[in-house]
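Q: Here is a model to examine. Can we go through its labels and the reasoning behind them?
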Amino acid sequence: MKRTNENIVSSFFFYMWNGWGSQEECQQVFGCLSEHFWEKWNSLFQQYHGGAAERFYAELSSDNRRLLVDRACVMYNGSSKNSSVSVSPPHQKVTETLDMLVEILNEWWRFQDYEIRQSITELTDRGFNSLDDYDKAMNNYWRELPIEQKITLWRQFTTTKETNPDPELMKKIHIHLRNLRQIDQHNELSMIFWNEQCHGEINIEPWISEWHACECDFIVWYAKLPTWMQIRVINYYRTHLKD
């Protein structure tokens with residue numbers, strides 16, 4: 001399909017008018033975040049009906065707009081529906097999203113003390129030959145939990161919203177930074193702590209060096225920050241990253 005501007009616009013609107021409109025299709029586009037976007041779509045459709053497509057697009061981030069338009073161009077060639085549509089690309093997106101969420105949740109689990117692990121697993125150290133065996137049993141319990149239950153437990157045992165942010169927000173930050181050039185990553189991470197730098201309260205250079213030591217992996221870098229820096233980072237991105 002030749003993706004001219006005219007063709008893309010036509011594909012998008014014919015897709016929204018005819019191909020979009022089911023929760024299954026929403027899941028093909030947005031993966032395990034589809035429930036959030038499906039609720040957003042339903043709310044806008046009740047308000048704007050025929051104009052909901054434009055409103056929905058306008059309220060998405062650039063990355064999520066790209067996902068929706070890419071799916072539209074897979075499903076439609078202008079006003080014509082494509083005869084054979086592969087489900088591999090959206091399925092792959094779902095898989096990548098789930099893998100990232102699992103990584104975030106497992107990272108959280110590794111930092112929990114025995115008291116929280118006991119509360120979650122309801123296992124005691126009785127009957128185990130060693131603490132290593134006990135630890136393995138609790139890790140196996142966590143590993144076998146479905147991701148939905150892991151997210152529920154994450155939220156249940158989160159003590160503060162700032163220092164234990166929602167895994168979906170962590171995923172958004174990870175993707176956002178990964179899509180920036182290296183110099184833009186440096187500038188953005190530095191800007192978060194601009195006030196502290198102006199008052200000589202922090203030298204950001206060691207933390208930029210740590211960013212590279214973590215291979216520009218936000219999840220790993222975030223885990224190494226002191227609590228006050230974690231709170232500042234999460235508050236910044238909660239304000240600046242919107243759906």
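A: Start with H3 in this predicted model. Ser34, Phe37, Trp38, Lys40, Trp41 and Leu44 are buried in H3.

Q: What makes the buried residues of H3 line one face of the helix?
A: Looking down the axis of H3, the buried residues fall within an arc of 160°, so they line one face. The face turned away from the buried side carries the exposed residues Glu35, Gln46 and Gln47.

Q: How do you know that the span of H3 agrees with its number of residues?
A: H3 covers residues 34-48, which is 15 residues. At 1.5 Å a residue, H3 should span 21 Å. The end C-alpha atoms are 20 Å apart, which agrees.

Q: How many aromatic pairs are there?
A: The count comes to 20 aromatic pairs.

Q: Why is the pair of Phe14 and Trp17 called edge-to-face?
A: The ring centres of Phe14 and Trp17 are 5.4 Å apart, with 70° between the planes. Pairing requires centres within 6.5 Å, and planes over 60 degrees apart count as edge-to-face, so the label follows.

Q: What separates Phe14 and Trp17 along helix H1?
A: Phe14 and Trp17 are 3 residues apart in H1, so about one helical turn separates them.

Q: Why is Phe14 called partly exposed?
A: Phe14 has 28% relative accessibility. Partly exposed lies between the 20% and 50% cut-offs, so the term applies.

Q: Why is Trp17 called exposed?
A: Trp17 has a relative accessible area of 53%. Exposed means over 50%, so Trp17 qualifies.

Methods. Residues are numbered from 1 along each chain as its sequence is written. This is a predicted model: local features need pLDDT of at least 70, side-chain atom pairs count only at pLDDT 80 or more; totals for chains, interfaces and linings use all residues. Side-chain values use heavy atoms; hydrogens and water are left out. Helices (H or I, at least four residues) and strands (E, at least two) are DSSP runs, numbered from the N terminus. The expected span of a helix is 1.5 Å times one less than its number of residues. Buried means under 20% relative accessible area, exposed over 50%, partly exposed in between (1.4 Å probe, protein chains only). The arc is that of the directions from the helix axis to the C-beta atoms. Rings of Phe, Tyr and Trp (its six-membered ring) pair if their centres lie within 6.5 Å; planes under 30 degrees apart count as stacked, over 60 as edge-to-face and the rest as tilted.
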